Amino acid sequence: MADPQVVIVDADTVAGWRRATPSFAQLRDAIADLRRQAPDATVAILGDPALKWALSTDDQLLLDDEINHQRIVLAPAGTARGHVRFIERAAGHATRNGTSVVVVTDRAIPGCRIARLSREGDRFVFDLEGAAQTTAAPTSSSHRRRRRAQG
């Protein structure tokens, strides 16, 4: 498949990838590697507003600066189904307008081609060519309600 025109990056996934706590530096480094890997793609960085409070105080200031300069967009607080739905809607809107979109996330997002993130040495690598829609079949609850004894 051709290179995507837009790559939507889930800031939460990338900042916290293989870490105990999220790191703004890791997010910044990964985005720089993505831009080198796919220089013709537009990179949109979207995230959950709770990301800010998971970052260190210094990283919070860096995140605020990125938000103020419109380089990162956080889903509005209270968004139904959170930032995952926010990403799903953004990708869906772009796709309906004929734009080729790939999403970098660790979530299953209906209708979105998802790219895997890996690391080779000190570089982050995004599998944009191998991006594919994930399929998740709904499951039934394994919890059954007990009926009350009548009597």
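Leaving aside its neighbours within four places in sequence, which residues is L27 in contact with? I would like to start there, and I should say at once that what we are looking at is a predicted model.

L27 has its place in helix α2, and beyond its sequence neighbours within four places it is in contact with A11, V14, A15 and I72. Let me take A11 from that list, because L27 and A11 are 16 residues apart along the chain, and yet their C-alpha atoms are separated by 6.9 Å,. As for the surroundings of L27, its relative accessible area is 2%, and since anything under 20% counts as buried, L27 is buried.

From there, let me turn to strand β1, which covers residues 6-10. This strand is mostly covered, with five of its five residues buried. If you follow the side chains in the structure, you will see V6, I8 and D10 pointing one way from β1, while V7 and V9 point the other way, and all of them are buried. Strand β1 also has partners: five bridges join it to strand β2, residues 42-47, and these two run parallel. Within that pairing, V6 has T42 of β2 as its bridge partner. Strand β1 pairs with strand β4, residues 101-104, as well, again in the parallel sense, over four bridges, and here V9 stands opposite V104 of β4.

The last element I want to discuss is helix α4, residues 57-68, and I begin with a check on its length. At 1.5 Å a residue, its 12 residues should span 16 Å, and the end C-alpha atoms are 17 Å apart, which agrees.

Which residues of α4 are buried? They are D59, Q60, L63 and E66. These four cover an arc of only 120 degrees around the axis, and therefore they lie on the same side of α4. On the other side of the helix, T57, D58, L61 and N68 are exposed. Where, then, do the buried residues of α4 pack? They pack against helix α2, residues 24-37, against α3, residues 51-54, and against β3, residues 73-74. That brings us back to α2, the helix in which L27 has its place.

One further detail concerns the stretch just after α4, where Q70 takes a positive phi of about 60 degrees.

To close, I would ask you to keep two views in mind: strand β1, joined in parallel to β2 and to β4, and helix α4, with its buried residues on the same side and exposed ones, including T57 and N68, on the other.

How values were computed. Residues are numbered from 1 along each chain as its sequence is written. This is a predicted model: local features need pLDDT of at least 70, side-chain atom pairs count only at pLDDT 80 or more; totals for chains, interfaces and linings use all residues. Side-chain values use heavy atoms; hydrogens and water are left out. The expected span of a helix is 1.5 Å times one less than its number of residues. Buried means under 20% relative accessible area, exposed over 50%, partly exposed in between (1.4 Å probe, protein chains only). The arc is that of the directions from the helix axis to the C-beta atoms. Contact means heavy atoms within 4.5 Å. Two strands pair if DSSP finds at least two bridges between them.
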